[in-house]
Amino acid sequence: MNAIIPTPEPTERTAPLADRNWSGRHVIIGGGIIGLSIGWQLARRGHAVTIIEKGAVGQGASWVAAGMLAPYAEIGFEEVEFFRMCRESLDLYPRLLEELTADVAGSFEVPMLDSCGTLLVAMTADDEAYLKRFHDFQLRIGLRSTKLSSAEAREQEPLLSPRTKSALFLEADKQINNRTLVLALAQAFTKLGGELLEHTTIDVQNVESTAAAVILAAGAHANAASSDVRESNPIRPVKGQIIMLRSTEHFQLRHMIRSPRGYILHKDDGRVAVGATAEEKGFDTSSTAGAVFDMLRNAYEILPMTYELEITELCAGLRPATRSHLPEIGYSAHGNVYNAIGHYRHGILLAPYTAYHIADLVEKHPHASHVLHKVQPSLHKK
Amino acid sequence: MRIRLAGELREFDEAHSINAFLSLINIDATKNGIAIARNGVVIPKAKWQTEPLADGDSIEIVRASQGG
Amino acid sequence: MTMADLFRLGDKEFTSRLILGTARYPNPQVMMDSLRASGTELVTVAIRRFNLKEKSNDVLDWIKNEFALLPNTAGCYTAKEAIFTAELAREALETNWIKLEVIGDDETLMPDVVELLKGAEELVRLGFTVLPYCNDDPITCRKLADIGCAAVMPLAAPIGSGAGIRNPFNIQIIRELVTIPVIIDAGIGTASDAALAMELGADAILLNTAISRAEHPVMMANAMRHGVEAGRLAYLAGRIPETLFAERSSPSEGIVRLA
């Protein structure tokens, strides 16, 4: 993925899997961050697991994602219940990384959790109104949110434009290098005896009769793998374009930077991720001039030094979205089929929650029976 | 034949009508909700079967999307 | 509401006097729930290029099942572009109704009146039911009515601004000058704005952002429904004149006084 023009997806190979007897194996459809983290967790608990991935493992939305673990900056007015799930997942990250480190045993790099926090900046008077409304909301529901003046914000983040009007500091947000994470998960999974079939497609129906459990984790492609999902809770792709720049020794960020129009993240491997769009364009993953222009302009207005950075990648991923934009994690209508779908913008963040809960459900842990599979949108009561 | 589709000049197999072209690019012509313009002129659905297509023609296909 | 206060627009009749946009909601579920809560019967959509990698549009199919669609010409800067978009919309959605939007620039999103009048005239000639988004300028509105538009749709304030009715006097003058429906399109921020517009004599309200970007869109959709209904009823009921001094409501006789 060094080229600016992304490499085309390899053509899918239709493997003769339809007749295979899975004889008690757990089959996971989808080898993105969700499928990989579930597969790895089941494998380390001693199960026989196969992951079937239509492309190359971890190269879809999981690769394009920026790796923000920022539930505090991303909470929506009607997503307080969902926020709790996100925060629970964030709290599970240290455990996941610890287990993963033990499993790869030094043979592979495991990313570190970066507790850098989010700086949500206002560049215009309209942005300030937006920030005020968001700040009031966060205080109302008891979240920590610190208002900073322009001078305070620039002291915390010296590269911010002098035109920054004010900022909110959300200290509990974190980030991770999602690329090394998916590679480490894949590494640990195969090391623990998991079977990984890439460039292969299969339908839930073809495996559910002989597999012990089938876990659908096919991201934006879930509809194609399950007629049940297509009819009961359809998943549509929401395109997100992102730009990768290369940082220099003079360009260092201490926090994740966001405005109402986008974000700029400094990753531990020197990438500077500038994102992101949300477009209803079907399965299109082209990079477009207008989106790139808007994102770079926004980055430049906030951090003028981005002007000098080299562009290393233009890419786009497909966020898997339900109609409510909330995930479905848990039992399906069929006994041995589990859904881990619809993670939308939160796949990296929700990977630990999804992995541990699905693994507990599959193992029929007593407490796991209480885990509801769909988060319902809820009105926050004042 | 060369057709300028959504502003991009591309090579296609021969298609002698709008309908034939639609099936070439895997669009269900019976599906509601799309409109087609050839060289800046809207072609009514009733003419998709008969309306000829020539080398170098420009084709736009549109549909409704969420808007205010 | 009293019986048969129907909103007649073009060749159709509606019970709801609220027309809603379908953009900028937090998610499709909230959008559908909001549209339903508002009681609207007509929603606007834009016309855009079909992406070949998009086999179907689940969200749009969902809207289409429950609401009549009013296509717009958003994003057009000239009469020519708007006419082309209207023709595409007529073919795609099988309706000759068009919300005519011809914009002067991206910062204000204000109508370009010269192009708007040109586009409206041609579209009326082509048999469209033309609903033009226009300035709150009485003369422009009268000209649009003279051309044969089915309604005029003056803005209350810039699109998406939520700034409310910036010039209520103009809205009243427009109401006096034209006999076709007046629909306030753009600038509504909250339910009282909608109610005030209706009290000033508007026939209907078209809005989007005030609901879609509210903290609780479904609740705001419900509020807008009530705002529009309250304003309409108050307009029909005939408000009392404003006076400088108080007018006693309780009788002056028989008051018990202390000796």
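This briefing describes the nonpolar cores, the overall form of chain B, and several individual residues of chains A and C.

The structure is a predicted model, and every value below was computed from it. The largest nonpolar core has 67 residues, and another core, of 50 residues, lies apart from it. Chain B, with 68 residues, has a radius of gyration that agrees with the value expected for a compact globule.

**Nonpolar cores**

- In soluble globular proteins, nonpolar side chains tend to be buried together.
- Within the largest nonpolar core, which has 67 residues, the residues with the most contacts are I63(C), V152(C), I184(C), I205(C), L207(C) and M224(C).
- The largest share of this core comes from helix α3 of chain C, which spans residues 79-93 and supplies 7 residues.
- Apart from this core lies another one, of 50 residues, and among its members are Y93(A), V110(A), A213(A) and A351(A).
- When neighbours within four places in sequence are left aside, V152(C) is in contact with several residues, including P132(C), C134(C), C141(C), L144(C) and A145(C).
- The contacts of V152(C) also include I174(C), V178(C), I180(C), P181(C), V182(C) and I183(C).

**Overall form of chain B**

- The secondary structure of chain B consists of 1 helix and 5 strands, and along the sequence these elements follow the pattern β-β-α-β-β-β.
- A compact globule of 68 residues would have a radius of gyration near 11 Å, and because chain B has 12 Å, the two values agree.
- Taken along the principal axes, the box filled by the C-alpha atoms of chain B is roughly 40 × 25 × 20 Å.
- Among the contacts in chain B with a separation of 6 or more, 51% are between residues that lie 24 or more positions apart.

**Surface and charges of chain B**

- Of the 68 residues in chain B, 46% are buried.
- Chain B exposes about 3300 Å², and carbon and sulfur atoms supply 48% of this area.
- Chain B has 8 positive and 9 negative charges, and the mean positions of these two groups are 7 Å apart.

**Backbone details in chains A and C**

- The peptide bond that runs from G275(A) to A276(A) is cis, with omega near -15°, and A276(A) is found in the loop between β13 (271-275) and α11 (289-302) of chain A.
- K364(A) is a residue other than glycine with a positive phi, near 55°, and it lies in the segment after α12 (347-362) of chain A.
- Because the relative accessible area of K364(A) is 57%, and exposed means over 50%, this residue counts as exposed.
- R24(C) is likewise a residue other than glycine with a positive phi, in this case near 65°, and it is found in the loop between β3 (18-21) and α1 (28-38) of chain C.
- The relative accessible area of R24(C) is 42%, so this residue is partly exposed.

**The surroundings of H250(A)**

- H250(A) is found in the loop between β10 (236-246) and β11 (256-259) of chain A, and because its relative accessibility is 59%, it counts as exposed.
- Not counting residues up to four places away in sequence, H250(A) touches L159(A) and M305(A).
- From C-alpha to C-alpha, H250(A) and D269(A) are 15 Å apart in space, while in sequence they are 19 residues apart.

How values were computed:
Residues numbered from 1 in each chain as written. Chains lettered and ligands numbered in written order. Predicted model: local features only at pLDDT ≥ 70, side-chain atom pairs only at ≥ 80, totals over all residues. Heavy atoms only, no water. Core = buried A, V, L, I, M, F, W, Y, C linked by side-chain atoms within 4.5 Å. Buried < 20%, exposed > 50% of the residue type's maximum accessible area, 1.4 Å probe, protein only. Helix = DSSP H or I, 4+ residues; strand = E, 2+ residues; numbered from the N terminus. Contact = heavy atoms within 4.5 Å. Rg over C-alpha atoms; globule rule 2.2 N^0.38 Å. Areas by Shrake-Rupley, 256 points an atom, 1.4 Å probe, with all protein chains shown as cover. Lys, Arg positive; Asp, Glu negative; His and termini not counted. Charge placed at Lys NZ, Arg CZ, Asp CG, Glu CD.
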